[in-house]
Amino acid sequence: MPVNLAQKIATAAERDEPAIAVLDALDALRVLVTVFDPHQRLIYANSQYNYLFRSLPPRETLIGQPYEALIRMEVAGGEIAQSHLAEGLGAFIARRLGQFTAGDYRPLDIVLADGRIVEIKMRRAPSGSWIGLWSDVTAARHNFHRLEDATALSADAFAFFDARDRFVMGNALYAQLHGARAAADLLGRSFSEIVALSTRRGRFAIVDAEAWSARLIETHGAPVGALTVSTTDGNAYLVRDRATRDGGRVVVFTDATDRRRAESALAEQAAALTHTQHELAKIQGEAEQRERYLADLHHKLGEAESSANTAKTTLLRAMSHELKTPLNAIIGFSDLMQQMADSLNPQQVAEYAGLIHQGGTNLLRLIMQILDLTKIAAGRYDLQRTGVDAGGVLWTAKGDFDAAAAAKGLTIDADACPIGLLVRADENAIRAMCAHLVDNAVRFTPQGGCVRLSVEKTATRICLAVRDNGPGVEPEDLDRILKPFEQSRRAIEHSCGAGLGLTLVKELAELHDGRLLVSSTPGEGFSAIVELPAA
């Protein structure tokens with residue numbers, strides 16, 4: 001029979017006061033501590049034993065009992081939930097005894113009859129004995145199960161990774177997207193292993209597997225990242241990946257198929273212009289109608305301005321270029337493709353179609369800006385305000401313009417955009433504001449320059465700033481460029497846009513009870529700051 005460890009300590013306590021402190025400390029723990037000899041016989045248990053298993057005899061009388069006998073006492077005393085014994089008593093005992101395996105230290109959960117959940121951890125001591133820690137993890141497990149239920153109901157695919165970048169939880173949709181039968185099949189796998197699994201299973205439309213995997217892993221390593229992926233069945237997903245406060249990661253896949261199809265439909269419409277003169281005439285007629293609408297809009301704006309003639313001249317200058325240029329490209333290249341249809345090679349067809357598409361896109365962007373300004377002026381721009389992560393929006397804007405910046409040899413620095421500062425705003429509106437500001441910065445900053453993005457918090461406001469080290473704007477132009485169809489002298493010289501971007505940002509900021517602040521030092525750069533109410 002094993003010696004009663006508690007009796008040995010108690011005997012030693014008569015000569016050694018620290019031993020009493022050890023016993024008191026073990027009994028004060030809210031965790032059950034057990035010690036078994038190399039033959040799995042109990043040699044010590046603290047006072048939590050009888051608190052955990054109230055039907056069992058006093059712990060002192062159980063010294064020397066084999067672990068299997070103690071398990072049978074738990075079951076006989078009605079301590080174990082019946083659902084936990086569904087596979088039979090023998091299977092239950094085998095799972096419990098399985099923890100006495102050197103090197104296999106996985107914890108085991110058991111469910112008690114009163115609903116409590118106890119986690120058991122067994123570790124082998126150098127002497128060959130086994131030390132067990134029994135913790136009440138009921139609240140933690142219930143919270144975890146609630147999170148599992150919530151993600152299971154979501155239309156998005158969710159995955160959570162721990163601080164070691166190991167998969168700890170996700171819903172069925174995430175598992176299916178990555179070629180697994182269930183989320184349980186991914187438990188313990190690293191993010192890179194899951195990416196490799198989805199690549200092997202062929203779930204995503206991939207041209208270069210190595211580059212595709214590197215892009216996902218790079219996004220996963222950033223404070224917050226976003227990108228779009230496509231599956232082999234034609235669906236598109238927006239992937240958002242960000243760090244959690246406990247050092248882990250959360251990954252969300254949102255179905256963006258409808259948006260991608262809308263973009264494809266626009267491209268197909270542009271391509272159709274090369275085959276049908278009737279469609280071209282229709283588009284030209286619609287463009288003329290829109291031009292007449294813009295002229296009428298200019299007339300109404302002129303009545304509200306003290307200097308109507310100046311406003312009219314400015315509008316006509318902008319419209320004559322911004323509408324005429326893309327229309328000339330659309331008409332000219334489509335006529336050329338019709339006349340030379342038999343002699344054009346595929347590269348020429350693709351180049352001309354790209355120019356037609358670019359002209360149509362520029363024309364559509366201009367019209368959408370004007371329509372947004374018209375809605376705001378008429379009081380019909382409805383805001384859907386929610387808590388929006390300001391840093392995340394700027395990181396997304398950075399990703400959208402990285403390619404354009406790289407083509408000019410520029411860098412976009414978003415290191416000063418922390419995650420977690422929320423503004424109370426319409427998400428689509430704030431994304432549009434940031435896109436306009438970053439687009440302006442990239443457009444006017446010369447080769448080798450830098451665009452810096454930042455987010456700061458004041459007492460009641462969140463400030464989103466876009467700064468560049470480009471040529472800047474003259475002081476006398478700062479107020480003027482915030483008005484519709486007004487541009488700096490540099491923008492006019494280079495024919496950059498219609499002068500609506502900053503106007504739209506200013507109007508949207510004020511619609512949110514915020515404001516747009518601009519400043520510049522000629523030759524040193526331009527700064528635009530949007531102040532919005534904190535959520």
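**Reading salt bridges, cores and a surface patch**

Biologist: With which residue does the side chain of Glu-60 meet in a salt bridge, and how far apart are the N and O atoms?

Modeller: The side chain of Glu-60 meets that of Arg-59, with 3.6 Å from N to O, and this counts as a salt bridge because a side-chain nitrogen of Lys or Arg has to lie within 4 Å of a carboxyl oxygen of Asp or Glu. Please keep in mind that this is a predicted model, in which local features need pLDDT of at least 70 and side-chain atom pairs count only at pLDDT 80 or more, while totals for chains, interfaces and linings use all residues. Residues are numbered from 1 along each chain as its sequence is written, and side-chain values use heavy atoms, with hydrogens and water left out.

Biologist: Are Glu-60 and Arg-59 buried or partly exposed?

Modeller: We read this from relative accessible area, where buried means under 20%, exposed means over 50%, and partly exposed lies in between (1.4 Å probe, protein chains only). Glu-60, at 48%, is therefore partly exposed, whereas Arg-59, at 16%, counts as buried. A similar reading applies to the salt bridge between Arg-41 and Asp-37, at 2.9 Å from N to O: Arg-41 is partly exposed at 24%, and Asp-37 is buried at 8%.

Biologist: How many salt bridges are there by this rule, and which residues are linked in a network?

Modeller: The count comes to 20 salt bridges, and a network of them links Asp-109, Glu-119, Lys-121 and Arg-141.

Biologist: Why are Glu-427 and Arg-431 separated by about one helical turn?

Modeller: They are four residues apart in helix α16, which means a separation of about one helical turn; helices here are DSSP runs (H or I, at least four residues), strands are also DSSP runs (E, at least two), and both are numbered from the N terminus. The closest N and O atoms of the salt bridge between Glu-427 and Arg-431 are 2.9 Å apart, and Glu-427 is partly exposed at 33%, as is Arg-431 at 29%.

Biologist: What does helix α16 give to the largest nonpolar core?

Modeller: In soluble globular proteins, nonpolar side chains tend to be buried together. A nonpolar core is a set of buried Ala, Val, Leu, Ile, Met, Phe, Trp, Tyr and Cys residues joined through side-chain atoms within 4.5 Å. The largest one has 47 residues, and Ile-430 and Leu-453 have the most contacts inside it; helix α16 (residues 427-444) gives the most to this core, with eight residues. A second, separate core of 25 residues includes Leu-52, Phe-53, Leu-70 and Leu-112.

Biologist: Which residues does Ile-430 touch, not counting those up to four places away in sequence?

Modeller: Contact means heavy atoms within 4.5 Å, and Ile-430 touches Val-388, Val-393, Val-423, Leu-464 and Leu-532. Asp-389, found in strand β11 (residues 385-389), is buried at 10%. Leaving aside neighbours within four places in sequence, the contacts of Asp-389 include Arg-242 and Pro-418. The side chain of Asp-389 also reaches the backbone nitrogen of Gly-391 at 3.1 Å and that of Gly-392 at 3.1 Å.

Biologist: In which helix is Leu-371 found, and is Leu-371 buried or partly exposed?

Modeller: Leu-371 lies in helix α14 (residues 346-378) and is partly exposed at 34%.

Conventions. Polar contact = N/O pair within 3.5 Å; in protein donor to acceptor, adjacent residues only side chain to side chain.
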